Amino acid sequence: MPQPTDSTLLRYAEVQRFYARQMQQLDLGKAEAWAQTFTTNALFDVPTLPEPVRGRAGLIAAADRARTQLAEAGERHRHFMGMIDVLERPDGTLDVRSYTTVYASVIGGTSRVHRVCVCEDVLVREEGELRVAKRRVTRDDLA
Amino acid sequence: MPQPTDSTLLRYAEVQRFYARQMQQLDLGKAEAWAQTFTTNALFDVPTLPEPVRGRAGLIAAADRARTQLAEAGERHRHFMGMIDVLERPDGTLDVRSYTTVYASVIGGTSRVHRVCVCEDVLVREEGELRVAKRRVTRDDLA
Amino acid sequence: MPQPTDSTLLRYAEVQRFYARQMQQLDLGKAEAWAQTFTTNALFDVPTLPEPVRGRAGLIAAADRARTQLAEAGERHRHFMGMIDVLERPDGTLDVRSYTTVYASVIGGTSRVHRVCVCEDVLVREEGELRVAKRRVTRDDLA
């Protein structure tokens, strides 16, 4: 890992900032704002879905469903991402691999580690903004 | 979220750095150094206190009390903050919303998730340094 | 903590980036690539080893042993570092104190907090790259 340029380091901070907001939007149940952080035809492949979804309508439906299930269960979830490793392709596309711990808290009960996941994203820039073009999440507890 | 300026990204790194040290000071029981990271009349509203405190004397008392209780219980706590979302007001004040997981370890026992919290801060700059002017913490396990 | 320079903040992002990759290499079982992130005669003092090791051969052996033990136990571990506090010495050497939570997941089972640790590193720059010259890890659950 040779010494990174200032530009690479600023982009690193930008990626961290991007994810902080994105995860908060998801946990706040802001399904539409969250979906806007993906490209229009993003591929979203996560263990909680029976099959990958493509595009924002599917993302919004997935986020809304998660919010409803949490409300019914009387729980809050927080997606806590970290260990963000960013590789830049020559064309500016970013390959990002990171960890996400999902914490669950029973309202009136206790908090616990719910899931430990690895998140592999492809990030592109559209109209100046970073967006996820592809996301693949794996869970550590699944074979 | 339009493309952030270099200045915004550098400030993002500064905020991360600020919190890393601030949380460590708290966990090290350095009550006075920790209190110095707040403005002189900061408002501190957290679930562990029966009512909000204002000013450094109250902060120092709260941190000292926490240290004493941990020693009596034979536990160590670590405040692990992340997912830091920073909004800049035109006057340079920063509105920061982040997650904090508190881990508890019984000395001679096991480690666990103790609390999952959302932290909403107002950060200002005084004499060149970032300081918390207002902090409101909510716990995910409380209604 | 006076206002940090842009150079300090860029280095802060560099340190975060360095650790993200280093921890992922360890968790991926890439023992040799991981060992390359230490200086050739680095001192590595962690609670999982009966005594400190010095140099990359010992690091590789330790990482390989951990990988084997995890495979036998049917578990995955993730080292999630954060709250990275960086102090710069006049000669550019970095003293870094941070927290690392280790999550363990039983494959086909559940995920949990395994360890909560404090990591104290000395980082130096060699051929442009950051490298760990000295690491001392303590576990919160040990006296």
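## Helix packing, symmetry and hairpins in a predicted complex

Let's start with confidence: chain A has a mean pLDDT of 97, with 99% of its residues at 70 or more. This is a predicted model, and the predictor assigns the complex an ipTM of 0.96 along with a pTM of 0.98.

Now for how the copies sit together. A turn of 120 degrees, with a shift of 0.0 Å along the axis, lays chain C on chain B at an RMSD of 0.0 Å. That is what a three-fold axis does. If you want to find this axis from chain C, look for C:A13: its C-alpha lies 3.8 Å from the rotation axis, the closest approach of any residue in the chain. The interfaces themselves tell another story. Only 19% of the interface residues of chain C are also interface residues in chain B, so the copies meet through different surfaces.

One place to look at where chains B and C touch is a pair of helices. Helix α1 of chain B (residues 6–27) packs on helix α1 of chain C (residues 6–27), with 9 Å between the axes and an angle of about 70 degrees. Angles of 65 to 115 degrees count as roughly perpendicular, and α1(B) and α1(C) are therefore roughly perpendicular to each other. On the chain B side, the contact is made by B:L10, B:A13, B:E14, B:Q16, B:R17 and B:A20. Facing them from α1(C) are C:D6, C:T8, C:L9, C:L10, C:Y12 and C:Q16. By character, the residues of this contact split into six nonpolar, three polar and three charged.

Over in the strands of chain C, two hairpins share β5(C). Here is how the pairings line up:

| Strand pair | Sense | Bridges |
|---|---|---|
| β4(C) (residues 94–106) and β5(C) (residues 111–126) | antiparallel | 12 bridges |
| β5(C) and β6(C) (residues 129–139) | antiparallel | 10 bridges |

To get the register of β4(C) against β5(C), use C:T100, which stands opposite C:C117. Four residues separate β4(C) from β5(C) in their hairpin, and C:G108 in the turn has a positive phi of about 90 degrees.

For the next pairing, the handy marker is C:V118, which sits opposite C:T138 in β6(C). The hairpin of β5(C) and β6(C) has two residues between the strands. There, C:E127 takes a positive phi near 50 degrees.

How values were computed. Residues are numbered from 1 along each chain as its sequence is written. Chains are lettered from A and ligands numbered from 1 in the order in which they are written. This is a predicted model: local features need pLDDT of at least 70, side-chain atom pairs count only at pLDDT 80 or more; totals for chains, interfaces and linings use all residues. Side-chain values use heavy atoms; hydrogens and water are left out. pLDDT is the predictor's confidence in each residue, from 0 to 100. Axes are lines fitted to C-alpha atoms, for helices over the stretch in contact, and angles run from 0 to 180 degrees between N-to-C directions. Angles under 35 degrees count as roughly parallel, over 145 as roughly antiparallel, 65 to 115 as roughly perpendicular and the rest as oblique. Contact means heavy atoms within 4.5 Å. Ala, Val, Leu, Ile, Met, Phe, Trp, Tyr, Cys and Pro count as nonpolar, Asp, Glu, Lys and Arg as charged, and the others, Gly among them, as polar. Copies are superposed by least squares on the C-alpha atoms of residues with pLDDT of at least 70 in both. Two strands pair if DSSP finds at least two bridges between them.
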